[in-house]
Amino acid sequence: MTSAISIEELLIWNDESATFWKASFDANPALLQLPCGIDDTPNVQELVRHIWMAELRWAQRVAGLSVVPREELPTGPLEALLSLHEKAANIFRTLIDDPTQDWDGTLKLEYDWVPAHARIASRRKMAAHAIFHSQRHWAQLATLVRVAGFPSDFLGDLIFSQALL
């Protein structure tokens, strides 16, 4: 047994979070309209879009696919946003299932928002980043929701995940 946590296990953890938040929004759609401000988003729905859009765009980069411009991605409704997460998860799972994938192979990121020292990264690092980016924002959202007076049962810490023992 390895001491490392796999991308596959992290994807399961990420799916658990997506499933939790989708159910929360279905049960209480007003949450989507809460003012937000995280990552300059005006409301929670835009934050959810940001989270799942980033997952998809990172998955596309890691897979060597064309990255869909953000303007071409849906702004809602929730089901359309969830499809971004599902597409990203499918891309990552396809890569994981392919034993010929070189996860240590590097890619160059040519984006102004990426600092020069971080512009070369392994595909494995980019995949992990996509997942941790989502988890960080879900944790921020859990705090925002509680502060706004909505109870949140979100147990997003990895220790609570069924992804691994």
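How much accessible surface does the chain have, and what share of that surface belongs to carbon and sulfur atoms? In this predicted model, the total comes to about 9200 Å², and carbon and sulfur atoms account for 56% of that area. As for the interior, 45% of the 165 residues count as buried.

Turning to the fold, the secondary structure adds up to four helices and two strands, and reading along the sequence gives the order α-α-α-β-β-α. The radius of gyration is 16 Å, close to the 15 Å that the globule rule gives for 165 residues, so the chain is as compact as a globular protein of that length. Measured out along the principal axes, the C-alpha trace spans about 45 × 40 × 30 Å. Contacts tell a bit about how the chain comes back on itself: taking those between residues at least 6 apart in sequence, 63% join residues at least 24 apart. On the charge side, there are 14 positive and 21 negative side chains, with the centres of the two sets 6 Å apart.

Next comes the loop between helix H1 (7-27) and H2, where Asp39 lies. Asp40 has its place in that loop between H1 and H2 too. The backbone here is a bit unusual to look at: phi of Asp39 is near 55°, a positive value in a residue other than glycine, and phi of Asp40, again a residue other than glycine, is positive as well, near 60°. What about their accessibility? Asp39 has a relative accessible area of 44% and is partly exposed, because the partly exposed class runs between 20% and 50%. Asp40, at 76% relative accessibility, counts as exposed, since that class begins over 50%.

A backbone feature of another kind turns up at Gly76 and Pro77, which are joined by a cis peptide bond with omega at about -5°. Pro77 sits in the loop between helix H2 (44-63) and H3. Helix H3 itself covers residues 78-97, and Thr94 is part of that helix. With a relative accessible area of 53%, Thr94 is exposed. Thr94 and Trp21 are 73 residues apart in sequence, and their C-alpha atoms are 24 Å apart in space.

The remaining details centre on Ser161, found in the segment after helix H4 (123-147). Is this residue buried or exposed? Ser161 has a relative accessible area of 6%, so the residue is buried, the cut-off being under 20%. Leaving aside residues up to four places away in sequence, Ser161 touches Trp13 and Glu16. With Glu16 there is also a polar contact, side chain to side chain, at 2.7 Å. The side chain of Ser161 additionally reaches the backbone nitrogen of Ala163, this time at 2.9 Å. Asp104 is another matter: Ser161 and Asp104 are 57 residues apart along the chain, and 26 Å separates their C-alpha atoms.

Definitions and conventions:
Residues are numbered from 1 along each chain as its sequence is written. This is a predicted model: local features need pLDDT of at least 70, side-chain atom pairs count only at pLDDT 80 or more; totals for chains, interfaces and linings use all residues. Side-chain values use heavy atoms; hydrogens and water are left out. The radius of gyration is taken over C-alpha atoms; the globule rule is 2.2 Å times the number of residues to the power 0.38. Buried means under 20% relative accessible area, exposed over 50%, partly exposed in between (1.4 Å probe, protein chains only). Contact means heavy atoms within 4.5 Å. Accessible areas come from the Shrake-Rupley method with a 1.4 Å probe; for residues, only the protein chains shown count as cover. Lys and Arg count as positive and Asp and Glu as negative; His and the chain ends are not counted. The place of a charge is taken as NZ of Lys, CZ of Arg, CG of Asp or CD of Glu. A polar contact is a pair of N or O atoms within 3.5 Å; within protein, one must be able to donate a hydrogen and the other to accept it, and residues adjacent in sequence count only if both atoms are side-chain atoms.
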